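User: Please give a close look at the inside of this protein and at the parts that meet there. Kindly explain each term when it first appears.

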Amino acid sequence: HYIQDWRFITVFLKRILMTVGMMLTMLSAQSPYNSAGMGLLSDFSAAPAFGLGMSGLMGGFNHSVSTQNPSTWPELNFSKLTVHYIGGEIQNQSFRTSFGSLGDASFILPIKGEYALGLGLKPFANKTYLLTDTSVLDTIFAGDTLALSSDLSGSGGMGILHAGIAKRFSDRLSVGVDAEFLFGISTELAIVSGLFSGDTTVVITRNHEIKGTFLSIYLTSSLFDTPVKSSVHFSVRTPVGTRRIIERENHAFIDNDGDLEHTPWDDPLPYDVSSAYNNITSFSLPVDLSAGVMYNVSGSTFLVGEFVSRRFDEEDQFPTSSISSTIDSGRRIALGLLREGQTESRSFLNRLNYRIGFFNRQHYISSHGESVTEQGFALGIGIPFGVTRNQIDIGYQYVERSGFLSSGPEIVNQLTIGLTLSDVWLASRKRR
């Protein structure tokens with residue numbers, strides 16, 4: 001009985017985790033580039049970093065703390081609970097769609113100004129897309145090339161459950177370690193016309209369940225020993241341990257009733273065929289190197305710069321890719337300005353945090369030598385309230401994305417809103 005109960009609990013928790021993962025991506029933007037490789041990777045999910053145009057190595061919550069960088073957590077004076085939502089609109093010459101999803105949720109517990117623990121969820125990659133013209137693309141759906149008139153669509157994506165720990169070794173050096181557990185579900189569907197005469201439609205579907213693990217190491221060091229410190233930040237994230245994709249290829253069927261579901265009215269009958277399962281353990285995952293500087297220009301104004309380099313640890317085509325594409329290296333460069341609020345000011349406007357940033361990014365996916373690139377700018381504001389420095393953060397980004405799937409750029413307008421609540425549980429004490 002105990003074994004059966006434990007199996008039930010395990011399955012129940014797994015379903016909850018997968019449901020939360022779907023919440024991270026279920027309403028995400030339907031960019032056609034999500035059909036390539038792992039889909040577009042999410043490099044920012046918390047509103048403070050979003051408003052600075054940064055990836056989270058330096059988040060802009062204030063000049064010394066990023067909720068996404070464990071090595072900065074010992075700087076916190078209070079425990080933090082954060083929740084972020086991201087939404088917006090994406091469009092080009094042929095489509096326009098809105099999106100919204102959970103961006104980031106985390107809990108951080110500083111311990112006596114020397115240690116810190118953290119736990120959270122964040123999105124990792126997006127597999128929601130819709131393609132309607134395969135005369136331009138060669139799809140590799142289910143191992144076959146589809147060169148007929150077809151619609152190809154996908155949904156789902158990947159999220160990360162992460163747990164971190166940090167230690168302050170001195171007033172000028174802190175180190176953090178973050179274990180990240182990758183999980184996700186994606187579904188792909190091809191509607192093929194033209195195989196037979198008339199209006200006959202053939203439907204092909206496949207599903208992927210994805211698991212993997214990353215280990216990230218962070219380092220934060222002060223440049224100068226002053227009350228308002230400039231700082232440098234470094235991080236490396238690499239895959240560790242085993243990785244697995246469980247792929248289910250469902251039998252193709254003629255959709256006689258037009259509902260895109262395999263029902264007894266279709267051919268062949270659903271109970272006369274079975275799905276094929278593949279257990280895939282060799283595929284590419286990214287290795288990221290990041291470096292950044294938070295430089296105190298004057299007073300409460302900081303100049304922020306960040307560089308992220310990405311490559312993949314294997315050359316294999318990612319199994320969930322639905323179009324012919326190439327896995328290349330990627331990079332991201334960002335420059336921003338942070339004006340930190342003056343907590344003792346009587347003016348409400350002077351107590352706010354102001355952020356502005358500019359960024360340029362090259363994604364890891366390409367085709368025939370043409371990469372997917374984007375550039376844009378960001379604006380953000382932080383509104384502190386309460387004795388324990390709670391904060392509402394709002395960030396906006398305008399992005400132009402270009403690549404091999406369209407003649408004109410994609411225009412992305414996105415807004416993120418974050419709420420950070422603080423408490424004094426095991427709070428750090430002021431040091432003399």
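Analyst: The account below begins with the whole chain, turns to the core, and then follows some strands, loops and ring pairs.

The model is predicted, and local features therefore need pLDDT of at least 70 and side-chain atom pairs pLDDT 80 or more, whereas totals for chains, interfaces and linings use all residues. Residues are numbered from 1 along each chain as its sequence is written, and side-chain values use heavy atoms, with hydrogens and water left out.

The protein has 2 helices and 20 strands; helices (H or I, at least four residues) and strands (E, at least two) are DSSP runs, numbered from the N terminus. Of its 432 residues, 51% count as buried. Here buried means under 20% relative accessible area, exposed means over 50%, and partly exposed lies in between, with a 1.4 Å probe and protein chains only. The protein exposes about 20,100 Å², of which carbon and sulfur atoms supply 60%; such areas come from the Shrake-Rupley method with a 1.4 Å probe, and for residues only the protein chains shown count as cover. Among contacts (heavy atoms within 4.5 Å) with a separation of 6 or more, 68% join residues 24 or more positions apart.

We now come to the core itself. A nonpolar core is a set of buried Ala, Val, Leu, Ile, Met, Phe, Trp, Tyr and Cys residues joined through side-chain atoms within 4.5 Å. The largest one has 33 residues, and Met38, Phe124 and Leu182 touch the most other members. Two or more residues each come from β1, β4, β5 (129–131), β6 (149–170), β7 (173–193), β8 (201–222) and β17 (353–367). The largest share, 4 residues, belongs to β8.

Which residues does Phe124 touch, not counting residues up to four places away in sequence? They are Met38, Leu40, Leu41, Ser42, Met158, Gly159, Ile160, Leu182, Phe214, Arg237 and Pro286. A second, separate core has 15 residues, among them Met58, Phe302, Leu338 and Val399.

Two of the residues that Phe124 touches, Phe214 and Arg237, also meet one another: the charged end of Arg237 sits over the ring of Phe214, 5.0 Å from its centre. A charge sits over a ring if NZ of Lys or CZ of Arg is within 6 Å of the ring centre and within 35 degrees of the ring normal. Arg243 is placed likewise over the ring of Phe283, with 5.9 Å between its charged end and the ring centre.

The strand β4, which contributes to the largest core, is joined to β3 by 7 bridges, and the two run antiparallel. Two strands pair if DSSP finds at least two bridges between them. Leu109 has Leu117 in β4 as its bridge partner. β3 and β4 form a hairpin with 3 residues between them. Most residues other than glycine have a negative phi. Lys112, in the turn, is not a glycine and yet has a positive phi of about 55°. Its relative accessibility is 60%, so Lys112 counts as exposed. On the other side of the pairing scheme, β3 is joined to β2 by 12 bridges, again antiparallel, and a hairpin of 4 residues links them. Thr82 stands opposite Ser106 in β3.

Aromatic rings give a further view of the contacts. Rings of Phe, Tyr and Trp (its six-membered ring) pair if their centres lie within 6.5 Å; planes under 30 degrees apart count as stacked, over 60 as edge-to-face and the rest as tilted. This rule yields 5 aromatic pairs. In one of them, Tyr33 and Phe404 meet edge-to-face, at 5.7 Å centre to centre and 85° between the planes. Tyr33 is in the loop between α1 (2–25) and β1 (40–41), and Phe404 in the loop between β19 (390–402) and β20 (410–423), so the pair ties together parts 371 residues apart in sequence. Tyr33 is buried at 0% relative accessibility, and Phe404 is buried at 15%. Ring pairs also link Phe377, Tyr396 and Tyr398 into a cluster.

Finally, two loop residues may be set side by side. Ser55 lies in the loop between α2 (47–52) and β2 (79–91) and is buried, with a relative accessible area of 16%. Thr242 lies in the loop between β9 (231–239) and β10 (244–249) and is exposed, at 71%.
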